[in-house]
Amino acid sequence: MIKPTGNLRELILLCLENIKGLSRRTDIERLLPINDDNFFIGIQDNKVIIEYNNTLLGHIWPDTNCYSNLEILKLITNVYEIDFKNEEILELVKYKNKITLMLL
């Protein structure tokens, strides 16, 4: 599997900074649209859409002018075979570490 590069990598890093939190819309949208590694991530009808190989993986609606970092990561990392199990702290740490290792 190819490692994420460019704005896709920046988006993943931005979401990893506060994995359970929210990122401002402006911070996310300045990286979009992303069209790398068979991914397309862009804005459509006021929501972030994530496609891989022209297949819609999902979309994320804004919440108080912010997007959920965890929701974005879950859709992207599924392609890299990094599964999200649950929001327990130990599982989140494992999930974050797997993503970090993927980026190295």
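Okay, quick definition before we start: two strands count as paired if DSSP finds at least two bridges between them. Keep that in mind, and remember that what we're looking at is a predicted model.

So, the sheet. It's an open one with 3 strands, in the order β2-β3-β4, and the pairing is antiparallel. β2 and β4, which covers 55–60, sit at the edges with a single partner strand each, so one side of each has no neighbour in the sheet. From one strand to the next, the twist averages 20°.

Let's zoom in on β2 and β3. These two are joined by 6 bridges, running antiparallel. As an example, take Ile43: its bridge partner in β3 is Val48.

Now, what packs on the sheet? That's α3, which touches β2, β3 and β4, and its direction makes about 165° with that of β4. How many of the 11 residues in α3 are buried? The count is 8, so to speak, a mostly covered helix. Among them are Leu70, Leu73 and Ile76. Just after this helix, Glu81 takes a positive phi of about 60°.

Ile76 brings us to the core. The largest nonpolar core has 31 residues, and Ile41 and Ile76 are the ones with the most contacts inside it. At least two core residues come from each of α1 (6–17), β2 (39–44), β3 (47–52), α3 (69–79) and α4 (89–103). In general, nonpolar side chains in soluble globular proteins tend to be buried together.

Last stop, Ile41. Setting aside neighbours within four places in sequence, Ile41 is in contact with residues including Leu8, Leu11, Pro33, Ile50 and, yes, Ile76.

Terms used. Residues are numbered from 1 along each chain as its sequence is written. This is a predicted model: local features need pLDDT of at least 70, side-chain atom pairs count only at pLDDT 80 or more; totals for chains, interfaces and linings use all residues. Side-chain values use heavy atoms; hydrogens and water are left out. A nonpolar core is a set of buried Ala, Val, Leu, Ile, Met, Phe, Trp, Tyr and Cys residues joined through side-chain atoms within 4.5 Å. Buried means under 20% relative accessible area, exposed over 50%, partly exposed in between (1.4 Å probe, protein chains only). Helices (H or I, at least four residues) and strands (E, at least two) are DSSP runs, numbered from the N terminus. Contact means heavy atoms within 4.5 Å. Axes are lines fitted to C-alpha atoms, for helices over the stretch in contact, and angles run from 0 to 180 degrees between N-to-C directions.
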